[in-house]
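Trainee: Could you show me how to read a few features of a model, one by one?
Mentor: Happily; let us look at it together.

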Amino acid sequence: MATITPALTIVAGVPRITWTGVSTADTMVAFGPLPGKSAEFASVLLSGTWGSSTVTLAGSEDNSTFITLKDRTGTAVSGTANTRFELSTAASYLKPASSGGTADNVDVVVVLRGK
């Protein structure tokens, strides 16, 4: 049982937020507030060892009430195997969650883009 804190890196001027080793037993720390116009659009990559888990990405305006985000087609940002989503977000905070797994170890990578 660990606390997973997101890491922010800037690659070629593009913000990248990464939660490494997310598992069902862990506590995830939210990232935010998001940096203004650089967060208009996002891609989300969920990859790793799943162990029957479901990993979601949620957004919040107050860093307290988190709701699962949806991609551009209205599909929840939720995976049970390696997957990728494209979305637009005005959320102030982002936080992944994992449930139902055993021996799961998933990386959540969010790349932010703006106009």
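Trainee: Which strand has the lowest mean pLDDT among the elements of the chain, and which the highest?
Mentor: pLDDT is the predictor's confidence in each residue, from 0 to 100. Strands here are DSSP runs of E with at least two residues, numbered from the N terminus. Strand S2 (residues 7-11) has the lowest mean, 94, and strand S8 (residues 78-79) the highest, 98. For the chain the mean is 93, with 97% of residues at 70 or more. This is a predicted model, where local features need pLDDT of at least 70 and side-chain atom pairs 80 or more, while totals for chains, interfaces and linings use all residues. Residues are numbered from 1 along each chain as its sequence is written, and side-chain values use heavy atoms, leaving out hydrogens and water.

Trainee: What is the order of the strands in the open sheet?
Mentor: Two strands pair if DSSP finds at least two bridges between them. In this open sheet of 5 strands the order is S2-S3-S11-S5-S9, with antiparallel pairing. S2 and S9 (83-88) are the edge strands, each pairing on one side only. S2 pairs with S3 (residues 14-22) over 5 bridges; Val11 has Val14 in S3 as its bridge partner.

Trainee: How many salt bridges does a search of the whole structure find?
Mentor: Side chains of opposite charge can pair when their charged atoms come close. The rule asks for a side-chain nitrogen of Lys or Arg within 4 Å of a carboxyl oxygen of Asp or Glu. The search finds 1: Arg84 with Glu86, whose closest N and O atoms are 2.7 Å apart.

Terms used:
Helices (H or I, at least four residues) and strands (E, at least two) are DSSP runs, numbered from the N terminus.
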